[in-house]
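Me: I would appreciate a close look at a single part of the structure shown below, with its surroundings described in a connected account. Please start from the strand pairing inside the smaller partner of your choice and work outwards from there.

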Amino acid sequence: MAVDLKQFHQVFIEESVEGLDAMEAALMDLDVESIDDEVINTIFRSAHSIKGGAGTFGFSALAGFTHVLETLLDEVRDGRRGLQAEHVNLLLRSVDCMREMLVLIDDDRNEYTRDAIEVQTALEHVLGETEPKNALCERPEGFAGPYWQIIFKPNTGIIRTGNDPLRLIRDLCALAEYSKVTLLGDCPAISALNTDDCYFHWLIDLDGDALDKTVIEEVFDWVEDDCELIIRNRSHALVRDDGIQTQLNDRWAIHFAPYPHLFQTGNDPLRIFAELCHLGDIISCKLGAEKLPSLKLLDSEKSYLAWDIQLVGPTEKSVIEGVFEWVIGEGDIHITAITAAASSRPELAVDVMPGILAPAISTASTQTPPAKVALADGKPEIKTAKPVQKKAASEASSIRVGIDKIDSLINMVGELVITQSMLGQLGSDFDIASLPKLIEGLSQLEQNTRELQESVMRIRMLPISFAFSRFPRMVRDLGQSLGKKIHLVMQGENTELDKTVMEKIGDPLVHLVRNSVDHGIETAIDRLAKGKPEAGTVTLNAYHQGGNVVIEIIDDGRGLDRDQIAAKGIERGLVNETDVASHSDEQIFDLIFQPGFSTAPQVSDLSGRGVGMDVVKRNIQALNGVVEIQSKKGSGTKIRISLPLTLAILDGQLVRVGSATYIFPLVSIVESMQYREELVNHIAGGCSVFKLRDDYVPIVDLSEAFGNDPISDYRSALMVVVECDGFKVGMLVDELMAQQQVVIKSLEQNYKRIEGISGATILGDGTVALIIDVPGVVRLAGAEKLIQQNSLRKTA
Amino acid sequence: MARIIAVDDSASMRQMVSFTLKGAGHDVLEASDGLEALKLANQASGVDLVISDINMPNMDGISLIKELRALANYKFTPILMLTTESNSDKKMEGKAAGATGWIVKPFNPDQLLATIGKVL
């Protein structure tokens with residue numbers, strides 16, 4: 001039967017990722033002093049399942065790696081081995097390695113990563129130290145005494161250097177007396193195959209007196225930099241299989257006397273004999289019924305019979321033993337070869353129960369050949385299907401949805417169908433008297449559509465714990481490497497956020513948390529000196545506010561130093577001294593989002609030189625989000641990120657400028673008002689400011705900014721005050737139109753990127769309206785001027 | 001056609017086993033742990049074979065086998081364990097509990113069908 005295992009790969013990858021998450025969480029919970037059975041069992045089970053699946057689905061690299069891990073965990077679980085803190089770190093690293101290998105698998109690459117090779121060696125080292133009962137790794141058959149194991153993973157481009165991996169392996173094998181080469185890795189789909197590339201890596205087991213590390217290394221001398229190479233010495237005594245004499249004999253005597261309870265294991269002797277028929281011909285079968293009790297004492301659930309069978313066929317003892325594998329220990333089994341000399345002519349034994357045995361044998365033998373034909377037919381099918389399936393699998397990504405969400409969706413669709421049938425009926429028999437009914441029906445349709453839309457959007461929503469889940473581990477590792485004690489608190493993990501937003505907010509969050517741990521939290525000694533608790537606290541908090549999701553990263557560390565940041569800002573020429581005096585704390589703190597700004601006197605390899613805070617801010621803005629800092633020197637910092645729930649739909653304010661319709665994201669609008677000439681100051685240089693209560697806001701003429709004629713009649717114009725990077729800006733428009741939700745279509749994908757425009761949408765009447773990117777428009781109209789003018793706010 | 005209960009906490013393994021068996025024309029009932037399987041076994045009638053993983057949450061395969069063997073309907077039903085080769089102790093433990101045999105992971109669909117052919 002042709003079963004294409006590829007269809008299960010995605011499920012395997014997903015469940016393995018989940019398993020790894022569970023494993024990681026359990027590892028963090030693990031108390032090495034007193035190991036909790038349930039916790040270690042969870043860890044073991046994850047590794048065990050991944051190993052089983054990886055083996056079954058043909059990911060030999062991952063299976064090999066998890067095998068070593070599982071062996072170690074099994075020993076811990078059985079109490080044969082204790083764990084130390086560094087072991088937990090190693091296990092956590094294994095989790096990382098497996099994650100990486102799963103990513104490779106997703107890409108159809110069955111490979112070891114460099115880390116994985118290292119970690120596996122380390123795990124084996126741990127296993128080797130205390131001489132565990134079990135073998136360390138899968139024993140390659142055929143080795144006696146210490147041997148060498150080499151993993152040779154050339155770069156894909158190795159062939160282009162003129163080196164042939166196969167020649168290297170041949171050279172290597174020539175050095176050894178015994179060698180075994182295992183091919184690892186997977187060929188890409190035919191369409192993606194580059195014949196100049198090498199996609200494989202090899203596991204080579206070598207044994208021989210002439211071998212030592214230098215000799216092996218010499219073979220790889222030329223390709224040292226073009227490959228990953230691991231050379232290890234294995235020191236187990238293993239059995240060489242070429243030493244075992246294979247016993248191919250063509251006549252066998254088998255004695256099988258099962259114990260009475262055989263049937264209770266579900267085994268049936270007749271089935272076993274049917275299996276034997278596949279190996280050869282049963283030329284005689286003698287039933288031994290000596291143990292059969294009298295009918296009175298007979299228990300129908302017990303087995304009392306014994307059999308002596310003579311089998312003729314070219315087979316090995318081990319193969320016959322294989323047939324009896326499940327009943328070893330359930331009875332007396334003797335298998336002996338009848339050599340030509342010793343064999344007497346097969347005695348023509350009386351077939352005691354021909355009626356029972358013969359049908360079992362004949363059905364088995366007639367059924368088997370067709371099954372085999374089917375197998376042979378099925379194989380090529382798998383091969384031809386491969387390339388197509390491969391592509392589909394790598395592109396498909398799935399999402400897990402709670403059943404309640406699906407139910408509510410089905411419910412909505414049900415209501416939609418009812419409304420549709422009502423409108424349909426109305427339409428087929430319409431007169432003007434039923435107009436109110438029509439209007440009612442349409443409003444119902446609108447409501448249904450909106451609810452349906454919300455339900456569909458909810459499917460894309462995931463709890464933010466997906467983004468948070470990596471932090472316990474990260475904070476723990478960071479804390480350990482910095483020598484700080486840190487307590488991580490996570491709140492509002494069930495707050496839901498759009499999947500795309502979630503994916504994009506991950507990196508900025510990592511950066512901010514890392515900053516908090518590295519720069520925010522003080523060392524334990526400093527903290528104690530300041531009268532703070534020894535362990536610092538980093539809090540991650542998420543909640544809904546209006547149409548937004550707010551994520552806060554709060555630490556109780558040293559806080560931001562206003563003077564230090566201001567001094568740095570002056571040094572970098574970002575602000576001048578008069579500004580510094582007049583700026584609010586928040587404005588000063590905002591400077592750390594400027595490119596290349598860092599106040600860290602000591603640069604660690606964790607946070608670098610403040611490179612990244614500007615990227616963080618850009619990324620958040622790209623999501624239509626806002627980031628703010630609140631901080632108090634000595635008591636901590638709070639960074640607040642506010643994000644829209646989704647990227648696909650936007651609450652927009654439609655405006656008319658000239659003959660064009662534009663859309664402002666509603667969240668960016670502070671207020672709208674009539675333009676009043678008497679409140680405007682025209683400043684030399686062309687830019688004007690509007691006196692808005694106690695504030696002066698720069699004015700941007702939208703029409704002019706987009707290269708059209710300026711608005712001719714200012715007096716009738718309206719001004720939309722929007723917020724941009726903490727500053728207010730007034731945008732002149734001709735008319736305010738409706739507020740509505742608009743579906744965002746990417747301009748970049750369909751046309752090209754345009755400064756000042758973040759996307760487009762299609763309005764109800766079929767026309768296209770452009771969505772305004774506020775910071776972009778401000779840049780377009782001259783951002784430098786605005787920033788300069790910002791000082792007017794306080795000085796004027 | 002036979003009626004088979006497939007038990008594994010790993011969805012991919014379970015789906016693979018079930019898909020393979022269904023493809024061969026069998027009627028497959030799925031359970032993700034021992035407790036679920038036991039419930040299924042009690043409800044379903046005419047089960048010809050149980051294939052169960054060993055290491056599972058809630059109720060493991062060994063306990064499941066013991067529980068099943070205690071039921072009148074499953075006294076002689078073949079029960080195969082899904083094991084890994086490192087688990088030779090488990091094999092013995094399973095046999096002591098009343099398992100018929102085992103299928104060693106990793107296995108491919110053909111091997112699976114060949115193995116269940118030994119008991120069906």
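**Strand 4 of chain B and its setting**

Reply: In this predicted model, B:Leu82 has B:Ile103 of strand 5 of chain B as its bridge partner. That pair belongs to a parallel pairing in which strand 4 and strand 5 (residues 101–105) of chain B are joined over five bridges. As a general matter, the strands of a sheet pair through backbone hydrogen bonds, in either a parallel or an antiparallel sense.

Strand 4 of chain B also pairs with strand 3 (residues 49–53) of chain B, again in the parallel sense, over four bridges. Here B:Ile51 stands opposite B:Leu80 of strand 4. Between these two strands the chain passes through helix 3 (residues 61–69) of chain B, and the resulting β-α-β crossover is right-handed.

How far is strand 4 of chain B, residues 79–84, covered? Six of its six residues are buried. A residue counts as buried when 20 or more other C-beta atoms lie within 10 Å of its own. B:Ile79, B:Met81 and B:Thr83 point one way from the strand, whereas B:Leu80, B:Leu82 and B:Thr84 point the other way, and all are buried. B:Leu80 and B:Leu82, the residues named above for their bridge partners, are thus among those that point the other way.

The strand fits into a chain whose secondary structure comes to five helices and five strands. Along the sequence, chain B follows the pattern β-α-β-α-β-α-β-α-β-α. Of its 120 residues, 49% count as buried. Among contacts in chain B with a separation of 6 or more, 60% are between residues 24 or more positions apart.

Chain B also touches chain A, in a contact that takes 34 residues from chain B and 27 residues from chain A. On the chain A side, the elements that give two or more residues are helix 1 (9–29), helix 2 (37–56), helix 3 (60–77) and helix 8 (269–277). Helix 2 of chain A gives the most, with eight residues. By character, the chain A side divides into ten nonpolar, eleven polar and six charged residues.

Chain A offers a further helix for description, helix 4 (residues 85–106), which has 22 residues. From its first C-alpha to its last, helix 4 of chain A reaches 32 Å, close to the 32 Å expected at 1.5 Å a residue. Its buried residues include A:Leu91, A:Val95, A:Met98 and A:Ile105. The helix is followed by A:Asp108, whose phi is positive, near 65°.

Chain A also has an open sheet of six strands with mixed pairing, in the order 18-22-23-21-20-19. Strand 18 (669–674) and strand 19 (680–682) of chain A stand at the edges with a single partner strand each, so one side of each is left without a neighbour in the sheet. From one strand to the next, the twist averages 30°. Within this sheet, strand 20 (residues 688–692) and strand 21 (residues 695–701) of chain A run antiparallel and are joined by four bridges. A:Leu692 has A:Asp695 of strand 21 as its bridge partner.

Key. Residues are numbered from 1 along each chain as its sequence is written. Chains are lettered from A and ligands numbered from 1 in the order in which they are written. This is a predicted model: local features need pLDDT of at least 70, side-chain atom pairs count only at pLDDT 80 or more; totals for chains, interfaces and linings use all residues. Two residues are in contact if their C-beta atoms, placed from the backbone, lie within 7 Å. Ala, Val, Leu, Ile, Met, Phe, Trp, Tyr, Cys and Pro count as nonpolar, Asp, Glu, Lys and Arg as charged, and the others, Gly among them, as polar. Two strands pair if DSSP finds at least two bridges between them. Axes are lines fitted to C-alpha atoms, for helices over the stretch in contact, and angles run from 0 to 180 degrees between N-to-C directions. The expected span of a helix is 1.5 Å times one less than its number of residues. A residue is buried if 20 or more other C-beta atoms lie within 10 Å of its own, exposed if 12 or fewer, and partly exposed in between; C-beta atoms are placed from the backbone. A crossover is right-handed if, with the strands pointing away from the viewer, the path from the first strand over the helix to the second runs clockwise.
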